[in-house]
Amino acid sequence: MQEEEVLAEFRASKALLEGHFLLSSGRHSAHYLQCARVLQNPDRAGRLAVALAATLPHDIRKQIQKVVSPAMGGVIIGQEMGRALQVDAMFVERPTGTFELRRGFELDPGDKVLMVEDVVTTGKSSREAIKAIEDAGGEVIAAASLVDRSAGAVDLGVPYFPLVALSFPTYAPDELPAELAATPAIKPGSRQQP
């Protein structure tokens, strides 16, 4: 899939939002990608996962034994990536503020894992998920996401393969442009702000 085809999927599902948004990273933006909306249609979610799996180099793809994604945003795309790669998919969650495997999910020591997210902005959640996977005995050999909002600037410490890289500007709270500062921010993400 080319970038315009990916964005067409977001537009078709009304998942590309405009306004004033407070991102889970703590930064502000005039644009928000609501991946839950683009993934609510199973056929669309499957198409996007197949396209994302196709971005993985063959040598990495053939090593993957498990897919692990962070809850909540990564759960659907993680499941679809497991299907596309024909491996088990599971997720980490934060019952007490730190990611961990629960619900009987287990990794065998040394399992080669692909960590999958919906959107990466600063990489904080991704790095936290990678640490949890490693703490559980897995070896994260790569990461993937539908969208890289850092436009290629993020470093996750492992090879990273986004389906599309976008560079919507984001702003620290003290550097908001006047048009954003004039409207209240909406917190559309699933992670609570500190």
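**Exercise 1. Determine how far apart the mean positions of the positive and negative charges of the protein chain lie in this predicted model.**

Solution. Begin with the two groups: the protein chain carries 20 positive and 25 negative charges. Then take the mean position of each group; these two points are 4 Å apart.

**Exercise 2. Establish how compact the protein chain is for its length.**

Solution. Start with the inventory of secondary structure, which comprises seven helices and nine strands. The radius of gyration of the protein chain is 16 Å, and the globule rule gives 16 Å for 194 residues; the two are close, so the chain is as compact as a globular protein of that length. Next, consider the extent of the C-alpha trace, which spans about 50 × 35 × 25 Å along its principal axes.

**Exercise 3. Describe the burial, the exposed surface and the contacts of the protein chain.**

Solution. With buried defined as under 20% relative accessible area, buried residues constitute 47% of the 194 residues. The exposed area is about 9,600 Å², of which carbon and sulfur atoms supply 49%. Finally, of the contacts with a separation of 6 or more, 62% are between residues 24 or more positions apart.

**Exercise 4. Work out which strands stand at the edges of the sheet that contains S2.**

Solution. First, write the order of this open, antiparallel sheet of three strands: S1-S2-S9. Strand S1 (16-22) and strand S9 (170-171) each have a single partner strand, so both stand at the edges, with one side of each lacking a neighbour in the sheet. Next, examine the pairing of S2 (residues 28-33) with S9: two bridges join these antiparallel strands. In this pairing, serine 29 lies opposite threonine 170 of S9.

Notes. Residues are numbered from 1 along each chain as its sequence is written. This is a predicted model: local features need pLDDT of at least 70, side-chain atom pairs count only at pLDDT 80 or more; totals for chains, interfaces and linings use all residues. Side-chain values use heavy atoms; hydrogens and water are left out. Two strands pair if DSSP finds at least two bridges between them. Helices (H or I, at least four residues) and strands (E, at least two) are DSSP runs, numbered from the N terminus. The radius of gyration is taken over C-alpha atoms; the globule rule is 2.2 Å times the number of residues to the power 0.38. Buried means under 20% relative accessible area, exposed over 50%, partly exposed in between (1.4 Å probe, protein chains only). Contact means heavy atoms within 4.5 Å. Accessible areas come from the Shrake-Rupley method with a 1.4 Å probe; for residues, only the protein chains shown count as cover. Lys and Arg count as positive and Asp and Glu as negative; His and the chain ends are not counted. The place of a charge is taken as NZ of Lys, CZ of Arg, CG of Asp or CD of Glu.
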